[in-house]
Amino acid sequence: MKEVKTKRRRIIGSIATALTAASLVFAPVSSSILAETGSYADINEGHSHYEAIMAFTEAGVVKGYEDGTFRQWEQMSRQHVAVMMYEAFDLETPENLEGTLAVYNDVDTDHRYANQIAAVTEAGYFKGNEGLFRPDDSITRQQVASVILLARDLEGYDSSDKQEINLDDVDDSHKERVQILADLGITNQYEDYRPRESISRGAFSTLLYSLDQKVDELGSQYRLFDSKVIKDINVDDMYDNIAFLSEEPREAGTDGEKKAVEYIESELKDLGYDTEVQPFPIYDYESEVSIEADGSMLDEEPNAFSGSVSEKVTAPLENVGKASPEEIGDVEGKIALIERGDLTFVEKVQNVLDEGAVGVIMYNNSDEGNSFGQVQREQDIPAAAITREAGLDLVEQLNEGEVTVTLDVNIEQIEKTSYNVIASLKPDEDVDTGQLVTIGAHHDSVPGGPGANDDASGVSAVLELARIFTMYPIDTEVRFITFGSEELGLVGSSYYVDSLPQSEIDRMVSHFQMDMIGAREAGEDHPAGGLIMYTIDGEKNLVTDFSAASANRTLNEIVPYGQLGRSDHQPFHDAGVPAALFIHSPVEPSYHQPTDTIDKISKEKLQQVAEIVGASAYQIVRPETPAIEDKDVG
Ligand code: BES
Ligand code: ZN
């Protein structure tokens, strides 16, 4: 499992988290004065910009002058804005410094702040004018509006609460941005923003700081990152991936699964991930069973119970009904003939074993064939399933007198290999909350089923979110996983969870499982296409809370939660990780059928679920939101 570094810059995040020590900002600092007094010589708590200046100082974004002063009333120059943005947003110096600075005639690579000016230029915050950066010029208040909004990706912020502000004097290129500052309540100078005036070092600090606080405060209603994550979803790509994956069945342990695994892995690799393909063994049985009753062979070919022993026994047959303890008569040394139903296979087998039976023949309680049954590990007895018809024949024979049966079970276990595919996106170390969010789906299908909706649809969303999340800053690890052998009983996800050390499990704060998220015919006309979030215990949790909120923000829909297992969220829940299954209910008629094909897939449904899960998972892992304090508190 390896990481992909997010390519984008870090945002200030919580200012209180100390950033790496800043390089010289504004002027060489006499850190001793600052250290002694804990403040600047010329500022005290009463000053209006005190809070912002001290927060930025603590974060290493600004330092004062050599003499221990901050000089908050001094005008902010353009180069100092560049330096402060560079530190605050942890910008990277462009590799091609000279090329980046070539647009300016007044700044070259020897300039004291060459790195910072190049960085803000490459980030698109500054363009210069007529080939000049004018490093020593003061910056105007309207320019500040643009620069800080750009830096916080808020330039497109669309408020529902528009403020009246006089924009007459504002240049066209800055009008929208100044309006946004007003809408956000970052400025209250509505009468006149004084767009062409310069700004002091103190006032600039406060503006940037208020904006940062605003971003935190907007919290769950903050649409910016939602809208970005959502805008980026490419539902056509998702659809194409489903089309490819559903060309043939992906039954666990077959070439179909292998092909899907290779495809998923290569898609993730193309996105820049180092992937881990985790193999695990699965067991299949090949069996040959024959039953001879009073010298004549049964017409049909019975099936061995899974886990049955290989053994040939000849003994009298005894009808024990449904094998409840009350029904079982004398079965000592005999083969028990059992009707399916009421009790579990394992219970029935145990009941007759307890009475000394030496073999089990179970007939169906419906006309649905003879493929069923299992015994548990220590139940060492040959056991086979027959049809209802064959079973009732035997019952009839027994009614006429004793029947001696030879039950011959030959069973061979075949080990096959199935796989999980895992890709991890890691935050930069200095912002890492240490927590971990997993987003999963299962890539295997049932035998003979193309599994377009079950669950190539979920896989397509995992891949799409894996693509989108590389583009945004995160402070929490995100693992994208597709599981094998879900259809065999959650085998891949159980293996995955079991393979983790407890320390990893402790880091896990949420698991999102998407299984069957695109069937047009599912969900009837329920809101949000019938989407339901299922938890194992039926209680809401972190995942359902975040997702209910994101569904509300992005779709304006209420997505209910309910209680259901049946998918890979189960082992995560069992390990104590808040987890939910995203699925449409009621399910489509093509569920587990050969007709679960690409033509049944609705792009609209895919888009919706990817939006809801993407927006809520990103809400957890984006740097502006605090780490999860208690994962058990929904
Ligand atoms: N996607 C289904 C689960 C499902 C289907 C949930 C319909 C709700 C409605 C999953 O792939 C599946 O078929 N699971 C098995 C159980 C599993 C433990 C073998 C099932 O539900 O039979
Ligand atoms: Zn499924």
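**Exercise 1.** In this predicted model, classify the arrangement of the six donor atoms around the zinc ion (ligand 2).

*Solution.* The angles subtended by the six donor atoms run from 53 to 163°. Six donors count as octahedral only if opposite donors are over 155 degrees apart and all others lie between 65 and 115. The range of 53 to 163° therefore makes the arrangement irregular.

**Exercise 2.** Identify the protein donors of this zinc ion (ligand 2) and place His442 and Asp515 in the chain.

*Solution.* The protein donors are His442 through NE2, Asp454 through OD, and Asp515, listed twice through OD. Their distances from the zinc ion are 1.9 to 2.5 Å. Along the chain the donors show the spacing H-x11-D-x60-D. His442 belongs to strand β9 (residues 436-442), while Asp515 sits in the loop between β11 (508-514) and β12 (531-535). The two are 73 residues apart, and the pair links distant parts of the chain. Both His442 and Asp515 are buried.

**Exercise 3.** Describe how helix α3 (residues 78-88) packs with helix α5 (residues 114-122).

*Solution.* The axes of α3 and α5 are 8 Å apart, at an angle of about 75°. Angles of 65 to 115 degrees count as roughly perpendicular, so α3 is roughly perpendicular to α5. On the α3 side the contact is made by Gln79, Ala82, Val83, Met85 and Tyr86; on the α5 side, by Asn115, Gln116, Ile117, Ala119 and Val120. Sorted by class, the contact has seven nonpolar, three polar and no charged residues.

How values were computed. Residues are numbered from 1 along each chain as its sequence is written. Chains are lettered from A and ligands numbered from 1 in the order in which they are written. This is a predicted model: local features need pLDDT of at least 70, side-chain atom pairs count only at pLDDT 80 or more; totals for chains, interfaces and linings use all residues. Side-chain values use heavy atoms; hydrogens and water are left out. Axes are lines fitted to C-alpha atoms, for helices over the stretch in contact, and angles run from 0 to 180 degrees between N-to-C directions. Helices (H or I, at least four residues) and strands (E, at least two) are DSSP runs, numbered from the N terminus. Angles under 35 degrees count as roughly parallel, over 145 as roughly antiparallel, 65 to 115 as roughly perpendicular and the rest as oblique. Contact means heavy atoms within 4.5 Å. Ala, Val, Leu, Ile, Met, Phe, Trp, Tyr, Cys and Pro count as nonpolar, Asp, Glu, Lys and Arg as charged, and the others, Gly among them, as polar. Donors are N, O and S atoms within 2.8 Å of the metal (3.2 Å for Na, K and Ca); water is not among the atoms, so sites may look incomplete. Four donors count as tetrahedral if all angles lie between 85 and 135 degrees; four count as square planar and six as octahedral if opposite donors are over 155 degrees apart and all others between 65 and 115; anything else is irregular. Buried means under 20% relative accessible area, exposed over 50%, partly exposed in between (1.4 Å probe, protein chains only).
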